[in-house]
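Me: Could you walk me through this model, one question at a time? I'd like the cut-offs along with the answers.

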Amino acid sequence: MKFSIMLKQERKNRSMTQSDLAERLYVSNKTISNWETERTLPDLDNLILLSRELNISLDKLLLEDPTMIDNLKLKIGLKESRVFLLFASCTNFLLLILLMINRVPKYSFISGPVILIALLSNVVVVLALAIRIQETEKGMHIQYSFTRKVFATIVAVIVFILVLVLVHMTL
């Protein structure tokens, strides 16, 4: 049985509205609606809460609908990708600082071109991870607001311009 159908049946069997269940799980009504209409699936924390609240075993919640396990695997992969993205972004920041230090004669022993190559290759890693995250979120039907997309694009353009300026300064 599909998770969405099971959730709706169990909720109605207990004479609960979507609002009642949402309140008990500390989520919005829309979240419950999205689960019941198969737009999204709950994460593991919410599955545990659902299991307790509706008195359904986790086995039943997870194993009766094969998409549940796939969804959890995607979410774990997404979390790992975000950690790698954060690490790569921090590395880029440190490489930018090294490029700036390289401009000071006292620290000229640091090779500018080597740092620049490392920075550019790391930028490629960041872009690849960002694309992977976006594709995973798309597969999980996660959508963000227009404002968030515009903000992310503006940040990416600013970073790109900074890299271009530093490349120009280094060469």
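Me: Which residues of helix α4 (residues 44-54) are buried?
Reply: Happy to help! This is a predicted model, where local features need pLDDT of at least 70, side-chain atom pairs count only at pLDDT 80 or more, and totals for chains, interfaces and linings use all residues. Residues are numbered from 1 along each chain as its sequence is written, and side-chain values use heavy atoms, with hydrogens and water left out. With helices taken as DSSP runs (H or I, at least four residues; strands are E, at least two) numbered from the N terminus, and buried meaning under 20% relative accessible area, exposed over 50% and partly exposed in between (1.4 Å probe, protein chains only), the buried residues of α4 are Asn-46, Leu-47, Leu-50, Ser-51 and Leu-54.

Me: Why do the buried residues of α4 line one face of the helix?
Reply: An α-helix has 3.6 residues a turn, so residues three or four places apart point the same way. On the other side of α4, Asp-45 and Arg-52 are exposed. Taking directions from the helix axis to the C-beta atoms, the buried residues line one face because they fall within an arc of 145 degrees.

Me: Which residues touch the most other members of the largest nonpolar core?
Reply: Such a core is a set of buried Ala, Val, Leu, Ile, Met, Phe, Trp, Tyr and Cys residues joined through side-chain atoms within 4.5 Å. There are 18 residues in the largest one, and those that touch the most other members are Phe-3, Leu-21 and Leu-50. The elements giving two or more residues to this core are α1 (3-13), α2 (18-25), α3 (29-36), α4, α5 (58-63) and α6 (66-102). So, to close on the names you wanted: Phe-3, Leu-21 and Leu-50.

Me: Is Asn-34 buried or exposed?
Reply: Asn-34 sits in helix α3. Not counting residues up to four places away in sequence, Asn-34 touches Arg-39 and Thr-40, where contact means heavy atoms within 4.5 Å. Because its relative accessibility is 14%, Asn-34 counts as buried.

Me: How many helices are there in the protein chain?
Reply: From the N terminus on, the elements run α-α-α-α-α-α-α-α. The chain has 0 strands, and its helices number 8.

Me: What phi does Asn-55 take?
Reply: Asn-55 comes just after α4, and Asn-55 is also among the contacts of Leu-50, leaving aside neighbours within four places in sequence. Its phi is positive, at about 55 degrees.
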